[in-house]
Amino acid sequence: MDPTSLQRLVFLTSLLSCSTNQARLTVTPSSSQVFKDERVSLRCEDASDGWTVMRNTSIDNRAECGVNWGTSAGSSCTIGSSDPFESGVYWCESTEGSTSNTITITISGGSVILQSPALPVIEGDDVTLTCRTEMADNLPADFFKDGIFIGTESAGHMTLQHVSRSDEGLYKCSVQGNESPESRLSVSGCSATCGFLPYCICTYIVVSLYRERATGNDSSVSVAMTPPTRAEQGLDDDYDDVMSAVTTELQF
């Protein structure tokens, strides 16, 4: 293998490693809304050393966990007794400046909250929305999407079956005239596409190596004047197809 091919292999292997080891922020409880004084735990999953939880709220900007808010433990962060002013956007960030997904958390001082997924849900999954109150559990609740009434559930739970992108929007609920804040439900097609980029990179590496072998590329033997065979030409066409797919995915 010539030096150029080796450099290309090392670069793409590094890119593959980066694309599959990005930190991901999760939150417990797994809800975009919580009541005031509830404990909230945030964690940077799949993270190496040097990742920490950050936030933007009405009182701070790009604030690091453990510095004036929260308790930091490695790549995890705990808010022992949450307050409405801590509502905002949270994410993980590395010492090099790389960032994870973001999660919007609403901490309510009211009597009703809507428990909905804090992370995007997968297209085709069933999603349950729960209207919680400080008064009692399983009370009848009205549900709204983008300000429009979509139904009443006697036990306070609404299940959206086989969600699609059309189910995305702002949801809230109401119990006995008391409304929750709104939270956005996001739907992702990630289950079908998340692994596509690593797959394309792996395919490119394999095709590149096979092409090197099939064309007999060796620095000690000159074949520059030999026209490509039909098999080699077909390999070139496959190589171009793979590169086109990888380029399209990277642009996306």
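Me: Which residues have the most contacts inside the largest nonpolar core?

Reply: In this predicted model, they are Leu-42, Val-53, Trp-69, Tyr-90 and Ile-105, in a core of 20 residues.

Me: What makes that set a nonpolar core?

Reply: The term covers buried Ala, Val, Leu, Ile, Met, Phe, Trp, Tyr and Cys residues joined through side-chain atoms within 4.5 Å, where buried means under 20% relative accessible area with a 1.4 Å probe, protein chains only. The 20 residues form the largest such set. Strands 1, 3 (40–45), 4 (51–57), 7, 8 (88–94) and 9 (99–108) each supply at least two of its residues.

Me: Which residues is Trp-69 in contact with, leaving aside neighbours within four places in sequence?

Reply: Contact means heavy atoms within 4.5 Å, and Trp-69 has such contacts with Val-53, Met-54, Arg-55, Asp-60, Ala-63, Glu-64, Cys-77, Ile-79 and Tyr-90.

Me: Why is one side of strand 1 and of strand 6 left without a neighbour in the sheet?

Reply: Happy to explain! The open sheet has four strands in the order 1-3-7-6, with antiparallel pairing. Strand 1 (24–28) and strand 6 (71–73) stand at its edges with a single partner strand each, so one side of each lacks a neighbour there.

Me: How do you know that strands 6 and 7 pair?

Reply: Pairing needs at least two DSSP bridges, strands being E runs of at least two residues, numbered from the N terminus. Three bridges join strand 6 to strand 7 (residues 76–79), so the pair meets the definition. In one of these strands, strand 7, Thr-78 is the bridge partner of Thr-71.

Me: What rules apply to the model and its numbering?

Reply: Residues are numbered from 1 along each chain as its sequence is written, and side-chain values use heavy atoms, leaving out hydrogens and water. Local features need pLDDT of at least 70 and side-chain atom pairs count only at pLDDT 80 or more, while totals for chains, interfaces and linings use all residues.

Key: Buried means under 20% relative accessible area, exposed over 50%, partly exposed in between (1.4 Å probe, protein chains only).
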